[in-house]
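User: I would like to work through this structure by question and answer. Please reason briefly each time and finish on the item requested.

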Amino acid sequence: MKRSETVKKSEKKLSLLAALAALVAAPLLAASPAAADINADTIDKSIVWVDTSWGASVQVPFKDGTTETYRTTVYAYCTGWFVSDTGHVATAGHCVEADDGLRVSVYSNVIEEQDLTGVKAADVDWPVTIGDPSIKIDQPSGIEGGVLSGKTAITAQLIAKQGFEKGDNALLRIADMKDTPALSIGSEAPKVREKVTSIGFPDLVGSTSDVERQKPSYRSGAVSSRSYSTQGVPRTEIDTDITPGMSGGPSVNDDGQVVGINSAYVYQGAGQANYITDTQTLRDFLTANGVKLAEPAAQSAAPAAAIENPPAATSGPEIPLWMIVTLVGLLLALAVMAVFLTRSMRKQPRPTPAVAVPAAGQVPWIQEPPRPENGPRREDGQPR
């Protein structure tokens, strides 16, 4: 059946209204900010190795009353990241602090190096002297475009540190270094069940692959709880598996902003808890030591390796409130008009369909009526 011209005109009007509505809504959609994604290529350039060594001497007593002094060197291998564009590096405090765990490592080294049998490092309390740490910063050659990638390790200065119970943050600085790719820090701590990604160089990966071509590992999980140290310092428990070597690396949110430093994994029996430092404690620690924090920047979806100097992030156009109200009102008016036209279209009578007329010899109702065989007849004998 041929379609009605009225239907065609109504559909044209509805199409025009839909087009106008799309044009009106376009500025609102364009003004809506898009969620940023973690750009691993950009973050990789900020991640560095932090290799710390301590010279130590131990007085070992013997049963005959004599003592012997032995010297040894202990090492700690951690992760760090640039927190400013002037060579400042953040890492975990325990990575550069001579704590009780380091003393046990000193005893263990001496026992092994001197082949002292029948002695366990955890059971002795020998007099020990531990020197100041020597800290080296470098990057594996696998990080393309890194300022230290594949270069000789550079000595870093220890600016400040906090022990595990006091926050577990540390600040280093490479003197006379500029344009280092700093990561921004979030404005608040992540909430329970919020997604986080912990980044660092696991020792296990480095020991089972070409360590010079190693890239940082990204391990995603979520916040398990918020707790406090014995000193009352807040910290965040996560269900991400932080293993040795990843300490000192950053944990970031979905926007790629740092929400804490990989702090420690505490295990007892079959159980294990993983912690990152508190966001605000980290911010306070850095600013108190003169660090100008990097501003958050929208990360491009394109690989950073293809963009050496990415353009500065620009915010979307600001739309006045009165304009938004006007646009919303116009959209509502267009919607009402569309409904009205649709109902009007349904109420209009449909055109009567044309009926084909059969040929003259086939018209069924033009027939000689049947003559009754019985009934009254005329005088000439024919039926009436």
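**Strands, a helix and a disulfide in a predicted model**

User: To begin with pairing, in which sense do strand E6 (residues 154-161) and E7 pair, and over how many bridges?

Analyst: This is a predicted model. In E7, Arg173 is the bridge partner of Gln157. Strands E6 and E7 pair in the antiparallel sense, and the number of bridges is 4.

User: How many bridges join strand E3 (residues 88-92) to E7?

Analyst: Asn169 in E7 is the bridge partner of Ala92. E3 and E7 run antiparallel, and the number of bridges that join them is 5.

User: Is strand E7 (residues 169-173) largely enclosed or largely open, and how many of its residues are buried?

Analyst: E7 is joined to E3 by 5 bridges and pairs with E6 over 4 bridges. Strand E7 is largely enclosed by the rest of the structure, because its buried residues number 4 of the 5.

User: Asp168 and Asp176 are placed in loops. Which of these two residues is buried and which is exposed?

Analyst: Asp168 is in the loop between E6 and E7, and its phi is positive, near 60°, although the residue is not glycine. Asp176 is in the loop between E7 and strand E8 (195-200), and its phi is likewise positive and near 60° in a residue other than glycine. The relative accessibility of Asp168 is 0%, so Asp168 counts as buried. That of Asp176 is 77%, so the residue that counts as exposed is Asp176.

User: Which strands close into a barrel, and in what order?

Analyst: The pairing in this barrel is antiparallel. One of its pairs is strand E9 (residues 217-228) with strand E10 (residues 234-238), over 5 bridges, where Arg226 stands opposite Thr236 in E10. The 6 strands close in the order E8-E9-E10-E13-E12-E11.

User: By what angle are neighbouring strands of this sheet turned against each other on average?

Analyst: The sheet in question is the barrel in which 6 strands close with antiparallel pairing. With direction ignored, the average turn between its neighbouring strands is 45°.

User: What angle does the direction of helix H5 (residues 279-288) make with that of E12?

Analyst: Helix H5 packs on the sheet. The strands H5 touches there are E10, strand E12 (258-268) and strand E13 (271-277). The direction of H5 makes an angle with that of E12 of about 120°.

User: Within what arc do the buried residues of H5 fall, seen down its axis?

Analyst: The buried residues in H5 are Thr279, Thr281, Leu282, Phe285 and Leu286. They line one face of the helix, because, seen down the axis of H5, they fall within an arc of 165°.

User: Against which strands do the buried residues of H5 pack?

Analyst: H5 as a helix packs on the sheet, touching E10, E12 and E13. The buried residues of H5 pack against strand E2 (67-82), E6, E7, E10, E12 and E13.

User: At the start of H5, which backbone nitrogen does a side-chain oxygen of Asp278 reach?

Analyst: At the other end, H5 is followed by Gly290, with a positive phi near 80°. At the start of H5, the side-chain oxygen of Asp278 comes to within 3.3 Å of the backbone nitrogen of Gln280.

User: What is the handedness of the disulfide of Cys78 and Cys95?

Analyst: The structure holds 1 disulfide, formed by Cys78 and Cys95 with their sulfur atoms 2.2 Å apart. The torsion about the S-S bond is about -90°, so the disulfide is left-handed.

User: How many residues apart in sequence are the parts that this disulfide ties together?

Analyst: Both Cys78 and Cys95 are buried. Cys78 lies in strand E2 and Cys95 in the loop between E3 and helix H3 (100-113), so the parts tied together are separated in sequence by 17 residues.

User: With which side chain does the side chain of Asn109 make a polar contact?

Analyst: Asn109 is placed in helix H3. Leaving aside residues up to four places away in sequence, Asn109 touches Thr72, Thr73 and Val74. The polar contact of the Asn109 side chain, at 3.4 Å, is with the side chain of Thr72.

User: Which residues does Thr69 touch, not counting residues up to four places away in sequence?

Analyst: Thr69 is in strand E2 and is partly exposed, with a relative accessible area of 46%. The C-alpha atoms of Thr69 and Gln59 are separated by 4.3 Å, although these residues are 10 residues apart along the chain. Beyond four places in sequence, Thr69 touches Ser57, Val58 and Gln59.

Terms used: Residues are numbered from 1 along each chain as its sequence is written. This is a predicted model: local features need pLDDT of at least 70, side-chain atom pairs count only at pLDDT 80 or more; totals for chains, interfaces and linings use all residues. Side-chain values use heavy atoms; hydrogens and water are left out. Buried means under 20% relative accessible area, exposed over 50%, partly exposed in between (1.4 Å probe, protein chains only). Helices (H or I, at least four residues) and strands (E, at least two) are DSSP runs, numbered from the N terminus. Two strands pair if DSSP finds at least two bridges between them. Axes are lines fitted to C-alpha atoms, for helices over the stretch in contact, and angles run from 0 to 180 degrees between N-to-C directions. Contact means heavy atoms within 4.5 Å. The arc is that of the directions from the helix axis to the C-beta atoms. A polar contact is a pair of N or O atoms within 3.5 Å; within protein, one must be able to donate a hydrogen and the other to accept it, and residues adjacent in sequence count only if both atoms are side-chain atoms. A disulfide is a pair of cysteine sulfur atoms within 2.5 Å.
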